[in-house]
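Work through the exercises below with the model open. Try each task before reading its solution.

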Amino acid sequence: MGGTMDGTKQRRRGDTRRRIQDVALDLFAEQGYEKTSLREIAEHLDVTKAALYYHFKTKEEILVSIFEDLTQPIEDLIDWGRQQPHTLETKQEIVRRYADTLAQAAPLFRFMHENQATVRELRIGESFKERIRSLRDIIVDPDADLVDQVRCASAIFTLHAGMFLLQDMGNDPEEKSRAVLEVATDLVTQAHRGAASS
């Protein structure tokens with residue numbers, strides 16, 4: 001019985017942590033990281049600053065935890081991709097899974113895009129770049145010519161562009177997501193065929 005209570009307590013603590021992250025990310029995105037205080041986050045959660053402090057001591061801790069939680073699927077995808085054969089199907093699956101990951105973590109990536117100076121200062125930007133480079137290295141054939149290497153790297157950036165630069169194109173977000181994924185997949189497919197024929 002004690003184990004169940006501990007499990008419930010752990011789940012409640014996890015829920016509180018997630019609520020803090022969600023509210024903080026909303027506030028960071030809405031008014032900027034610098035202009036958001038721990039006190040405001042606590043007020044929006046309707047908890048004391050001390051209760052918030054129990055989970056996170058600083059805004060940076062909150063942001064780093066959001067980043068680590070929401071980008072863990074990228075790490076998982078990189079680990080999976082490194083264990084797969086260097087086939088076209090693997091590359092297409094990586095592009096598809098990465099598109100899903102971006103969609104799941106869209107609020108974080110929007111925040112990172114709109115607050116690049118803060119992201120650089122907090123070093124989560126460098127960590128994110130390392131993950132993107134690792135992803136690129138998995139889908140790029142090292143012996144491919146430069147044009148095909150650029151195609152593979154461009155597939156990743158096409159997915160990013162779909163989130164930020166193409167927001168005002170098309171009315172249906174689902175349709176736009178499908179179109180962006182199709183273009184990214186086409187780039188990887190072209191690059192793979194180019195590498196195979198050389």
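Five exercises on this predicted model follow.

**Exercise 1. The overall fold**

Task: State how many helices and strands the protein chain has, and what share of its residues is buried.

Solution.
- Step 1. Count the elements: the protein chain has 10 helices and 0 strands.
- Step 2. Read along the sequence. The pattern is α-α-α-α-α-α-α-α-α-α.
- Step 3. Turn to burial. Of the 198 residues, 41% count as buried.
- Step 4. Look at the surface. The accessible area is about 11700 Å², and carbon and sulfur atoms contribute 50% of it.
- Step 5. Check the contacts with a separation of 6 or more. Residues 24 or more positions apart make 68% of them.

**Exercise 2. An aromatic pair**

Task: Classify the pair formed by Phe28 and Phe111, and locate both residues in the chain.

Solution.
- Step 1. Start with what to report. A pair of aromatic rings is described by the distance of the centres and the angle of the planes.
- Step 2. Search the whole structure: there are 3 aromatic pairs. In the pair of Phe28 and Phe111, the centres are 6.0 Å apart and the planes meet at 40°.
- Step 3. Classify. Planes under 30 degrees apart would be stacked, and over 60 edge-to-face. The pair is therefore tilted, since 40° falls under neither heading.
- Step 4. Locate the partners. Phe28 is in helix H1 (residues 2-31) and Phe111 is in helix H6 (residues 106-114), 83 residues apart.
- Step 5. Add their setting. Phe28 and Phe111 are both buried. Together with Tyr33 they form one aromatic cluster.

**Exercise 3. Lysines over rings**

Task: Find which rings Lys57 and Lys59 sit over.

Solution.
- Step 1. Take Lys57. Its charged end sits over the ring of Tyr53, 5.0 Å from the centre.
- Step 2. Take Lys59. It lies over the face of Tyr33, at 4.5 Å from the ring centre.

**Exercise 4. Helix H4**

Task: Compare the span of H4 with its expected value, then find where H4 bends.

Solution.
- Step 1. Helix H4 (residues 59-82) has 24 residues, so at 1.5 Å a residue it should span 34 Å.
- Step 2. The end C-alpha atoms are 34 Å apart, which agrees.
- Step 3. Find the bend: H4 turns by about 40° at Thr71. Pro73 follows within four residues.
- Step 4. List burial. The buried residues of H4 include Lys59, Ile62, Ile66, Thr71 and Ile78.

**Exercise 5. A histidine**

Task: Decide whether His160 is buried or exposed.

Solution.
- Step 1. Place His160: helix H9 (residues 146-164) holds it.
- Step 2. His160 counts as buried because its relative accessibility is 12%, and the cut-off is under 20%.
- Step 3. Set aside neighbours within four places in sequence. His160 then contacts Tyr98, Leu102, Phe128 and Ile132.

How values were computed:
Residues numbered from 1 in each chain as written. Predicted model: local features only at pLDDT ≥ 70, side-chain atom pairs only at ≥ 80, totals over all residues. Heavy atoms only, no water. Phe/Tyr/Trp six-rings, centres within 6.5 Å; stacked < 30°, edge-to-face > 60°. Helix = DSSP H or I, 4+ residues; strand = E, 2+ residues; numbered from the N terminus. Buried < 20%, exposed > 50% of the residue type's maximum accessible area, 1.4 Å probe, protein only. Lys NZ or Arg CZ within 6 Å of the ring centre and 35° of its normal. Contact = heavy atoms within 4.5 Å. Areas by Shrake-Rupley, 256 points an atom, 1.4 Å probe, with all protein chains shown as cover. Expected span 1.5 Å × (residues − 1). Bend = angle between axes of the 7 residues up to and from the residue.
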